[in-house]
Amino acid sequence: MSENHSVLFCVRKTNESTENALRLRWLCRRDFGALLALERAAFEFPWTRDEFEYCLRTRNFGGLVVERNGEPLGYLCFEARKRSFRLLSCAVAESERRQGLGTLLARALIDRLDERRSKIVCVVRERNLAAQLFLRRLGFRAVWVARDYYFKTNEDAYRMTYRADVAVPTEIDRTRRRLLSR
Ligand SMILES: CC(C)(COP(=O)(O)OP(=O)(O)OC[C@H]1O[C@@H](n2cnc3c(N)ncnc32)[C@H](O)[C@@H]1OP(=O)(O)O)[C@@H](O)C(=O)NCCC(=O)NCCS
């Protein structure tokens, strides 16, 4: 999970040339400039270079970047714990949102779940409704509230968890439940 520029995979939308393909790869030091700008635009309390540096240098920490034509458009940083992953931070450039890039990054982490590491844990600010809806759509569920977790804003934190061993209800399950609860 250390600095490595290898491409994890390449996504091409139909009719799009290789030039405009999205590439998912490991975070590297060369990304810092672009990610710091993205970070400042996305968060009230953005990560600094030190936090990205920590993710690169620390064992069991890692980062993924999605790019197009060499331009980083989003990233996700995580910690691999003994039995779970911790999603530390994730952001997509404002102009590129709602096009599935966040999902592409998160899915790459979800795809790494196995019998040993079977869940992903994430802490989200109560005011960050977009992130909560994004995570929920992926199958994360809020499991716990920490009161006044963010002391600078007196905000609560929602701990959201994705569990590989708990099936997310499908449309058929939802329809069945609707019918049964009438
Ligand atoms: C949260 C974030 C990473 C989502 O990235 P994204 O690339 O826009 O996400 P996707 O396009 O993959 O969205 C997938 C689904 O999540 C939900 N979703 C995402 N953003 C949403 C929003 N602002 N409002 C409501 N639902 C949203 C939708 O269901 C969406 O599917 P749809 O577009 O078909 O309706 C992005 O909004 C962001 O960078 N926010 C600022 C940083 C941040 O809050 N990070 C915390 C992440 S845990």
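Here are four short exercises on this predicted model, each with a worked solution.

**Exercise 1. Getting your bearings**

Work out how many helices and strands the chain has, and in what order they run.

*Solution.* Start with the tally: you'll find five helices and eight strands. Next, walk along from the N terminus and write down each element as you meet it, which gives β-β-α-α-β-β-β-α-β-α-β-β-α. Now look at the chain as a whole: it has 182 residues, and 23% of them count as buried. Last, take the contacts between residues at least 6 apart in sequence; 50% of these join residues at least 24 apart.

**Exercise 2. Following the strand pairs**

Find the strands that pair with E3, and say in which sense each pair runs.

*Solution.* Begin with E2, residues 22-26, and E3, residues 61-68: they pair in the antiparallel sense over five bridges. To pin that pairing down, pick tryptophan 26, whose bridge partner in E3 is leucine 64. Then move on to E4, residues 71-80, which pairs with E3, again in the antiparallel sense, over eight bridges. Here arginine 68 stands opposite glutamate 71 in E4. Finally, check the turn: the hairpin of E3 and E4 has two residues between the strands, and asparagine 69 takes a positive phi near 50 degrees there.

**Exercise 3. Reading one helix**

Which residues of H3 are buried, and why do they line one face of the helix?

*Solution.* First, list the buried residues of H3: Leu101, Gly102, Leu105, Ala106 and Leu109. Second, look down the axis of H3: these buried residues fall within an arc of 130 degrees, so they line one face of the helix. Third, ask what that set of residues touches. The buried residues of H3 pack against the strands E3, E4, E5 and E6, and also against the helix H4.

**Exercise 4. Around the ligand**

Describe the shell around the ligand: which residues come nearest, which elements contribute, and what kinds of residue are there?

*Solution.* Take the nearest ones first. Out of 20 residues around the ligand, Arg97, Gly102, Thr103, Ala130 and Leu133 come nearest. Now sort the shell by element: those giving two or more residues are strand E5 (84-92), helix H3 (101-110), strand E6 (119-125) and helix H4 (129-138). H4 supplies the largest share, six residues. To finish, sort the shell by chemistry, and you get 12 nonpolar, five polar and three charged residues. Notice a link back to the previous exercise: Gly102 is buried in H3, and Gly102 is also among the residues that come nearest to the ligand.

Technical notes:
Residues numbered from 1 in each chain as written. Predicted model: local features only at pLDDT ≥ 70, side-chain atom pairs only at ≥ 80, totals over all residues. Helix = DSSP H or I, 4+ residues; strand = E, 2+ residues; numbered from the N terminus. Buried ≥ 20, exposed ≤ 12 C-beta atoms within 10 Å, placed from the backbone. Contact = placed C-beta atoms within 7 Å. Near = placed C-beta within 6 Å. Nonpolar A, V, L, I, M, F, W, Y, C, P; charged D, E, K, R; others polar. Pairing = 2+ DSSP bridges. Arc of directions from axis to C-beta.
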